[in-house]
Amino acid sequence: IGDAAARIGISAEAFQKLEIAVVAAGGSTEVMGTAMDKLNQNLGKAHEGSKGMTAAFAALGIEANSIKTADQAFYAIADGMQKIQDPATKAKLSMELFGKAAGVDMLEVLQKSGGELKTFGDKAAATGRIMSDEMVAKLSDAKLALDNMKVSAGQMATVFGGQAVIALVDFAKEMKPAFEQAKALGSQVMQYLKPSIDAMVAAFSNFVNSDGGRLTGQILAGV
């Protein structure tokens with residue numbers, strides 16, 4: 001809310017009233033955002049002396065230089081539309097002031113007068129549905145803090161993850177000689193013990209095939 005309001009140069013409270021009015025009159029917040037951005041630009045052009053924009057405001061009975069903010073221009077345009085009967089002229093002026101795409105969608109909203117639209121916002125404020133500028137600012141600060149925390153957490157995870165990988169690589173490099181030594185030693189041990197193991201296997205095999213081995217087998221079978 002705060003960013004959208006700042007973009008068109010009005011307070012957060014005024015922006016919320018405008019948003020509620022547009023929705024209540026049959027519009028959408030998405031279209032309103034696009035329309036108000038364009039209107040704010042065109043109001044600026046009129047202030048700078050653009051003949052085309054000055055004429056578009058004048059066609060609705062509006063002296064552009066007397067309008068200071070985009071929300072004031074919006075309500076004035078809604079009032080001006082009530083004086084025009086020709087639908088084609090309304091559509092043309094709406095597209096000129098709000099942009100080609102948003103201008104068509106805003107026609108339904110502009111069936112209401114500026115006074116009627118203001119009433120929607122004022123009623124919302126009276127029933128506590130409008131956040132104060134201070135509250136919106138605090139919420140924006142809180143969101144920024146949370147976003148920063150997410151970035152910090154992500155950076156920490158990246159750093160810690162990277163440090164862990166580096167540590168594992170360094171460990172593997174340091175232990176490689178020891179691993180190679182153990183592998184070589186294991187091979188040497190097996191070569192050293194192989195004759196003894198072979199002898200034990202041969203002796204056991206001979207025992208199994210001897211009379212003593214067969215006797216032992218019979219005794220174990222009886223048990």
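**Helix packing and buried contacts in an all-helical chain**

At 17% relative accessibility, S113 counts as buried, the cut-off for this class being under 20%. The position of S113 is in the loop between helix 7 (100–109) and helix 8 (114–126), and, when residues up to four places away in sequence are not counted, S113 touches A78, D79 and Q82. The model in which this residue is placed is a predicted one, and the values reported here are computed from it.

The chain as a whole contains 10 helices and zero strands, so that, read from the N terminus on, its elements follow the order α-α-α-α-α-α-α-α-α-α. Of the 223 residues of the chain, 27% count as buried. Where contacts join residues at least 6 apart in sequence, 63% of them are between residues at least 24 apart.

Aromatic side chains were examined next. A search of the whole structure finds two aromatic pairs. In one of them, the rings of F74 and Y75 have centres 5.5 Å apart and planes at 65 degrees, and the pair is therefore edge-to-face, since planes over 60 degrees apart are assigned to that class. F74 counts as buried because its relative accessibility is 0%, and Y75 likewise counts as buried, with a relative accessibility of 10%. In the other pair, the rings of F74 and F98 have their centres 6.3 Å apart, and because their planes stand at 70 degrees this pair is edge-to-face. F74 lies in helix 5 (residues 70–81), whereas F98 lies in helix 6 (residues 87–98), so the pair ties together parts that are 24 residues apart in sequence. F98, at 1% relative accessibility, counts as buried. Through these ring pairs, F74, Y75 and F98 are linked into a cluster.

Helix 6, which contributes F98 to the ring pair with F74, also packs against helix 4 (residues 51–58), at an angle of about 135 degrees and with the two axes 10 Å apart. This angle makes helix 4 oblique to helix 6, and helix 4 passes helix 6 in a left-handed crossing. On the side of helix 4 the contact involves M53, A56 and F57, which meet L93, E96 and L97 in helix 6. By residue class, the contact of helix 4 with helix 6 comprises five nonpolar residues, no polar residues and one charged residue.

Helix 4 packs in addition against helix 3 (residues 29–47), here at an angle of about 110 degrees and with the axes 7 Å apart, and this angle makes helix 3 roughly perpendicular to helix 4. From helix 3 the contact is made by L39, N42, L43, K45 and A46, and from helix 4 by M53, T54 and F57. The residues of the contact of helix 3 with helix 4 divide into five nonpolar, two polar and one charged. M53 and F57 of helix 4 thus appear in the contact with helix 3 and also in the contact with helix 6.

L43 of helix 3, which takes part in the contact with helix 4, is also among the residues touched by I67. I67 is placed in the loop between helix 4 and helix 5 and is buried, with a relative accessible area of 10%. Between the C-alpha atoms of I67 and L43, which are 24 residues apart along the chain, the separation is 8.2 Å. With neighbours within four places in sequence left aside, I67 is in contact with L43, H47, I62, Q72, A73 and A76.

A further buried position is found in helix 9 (residues 133–209), which contains V136. The relative accessible area of V136 is 5%, and this residue is therefore buried. Although V136 and D3 are 133 residues apart along the chain, their C-alpha atoms are separated by 9.8 Å. Not counting residues up to four places away in sequence, V136 touches I1, G2, A12, Q16 and M131.

Note on methods: Residues are numbered from 1 along each chain as its sequence is written. This is a predicted model: local features need pLDDT of at least 70, side-chain atom pairs count only at pLDDT 80 or more; totals for chains, interfaces and linings use all residues. Side-chain values use heavy atoms; hydrogens and water are left out. Rings of Phe, Tyr and Trp (its six-membered ring) pair if their centres lie within 6.5 Å; planes under 30 degrees apart count as stacked, over 60 as edge-to-face and the rest as tilted. Buried means under 20% relative accessible area, exposed over 50%, partly exposed in between (1.4 Å probe, protein chains only). Helices (H or I, at least four residues) and strands (E, at least two) are DSSP runs, numbered from the N terminus. Contact means heavy atoms within 4.5 Å. Axes are lines fitted to C-alpha atoms, for helices over the stretch in contact, and angles run from 0 to 180 degrees between N-to-C directions. Angles under 35 degrees count as roughly parallel, over 145 as roughly antiparallel, 65 to 115 as roughly perpendicular and the rest as oblique. A crossing is left-handed if the near helix is turned anticlockwise from the far one by less than a right angle, and right-handed if clockwise. Ala, Val, Leu, Ile, Met, Phe, Trp, Tyr, Cys and Pro count as nonpolar, Asp, Glu, Lys and Arg as charged, and the others, Gly among them, as polar.
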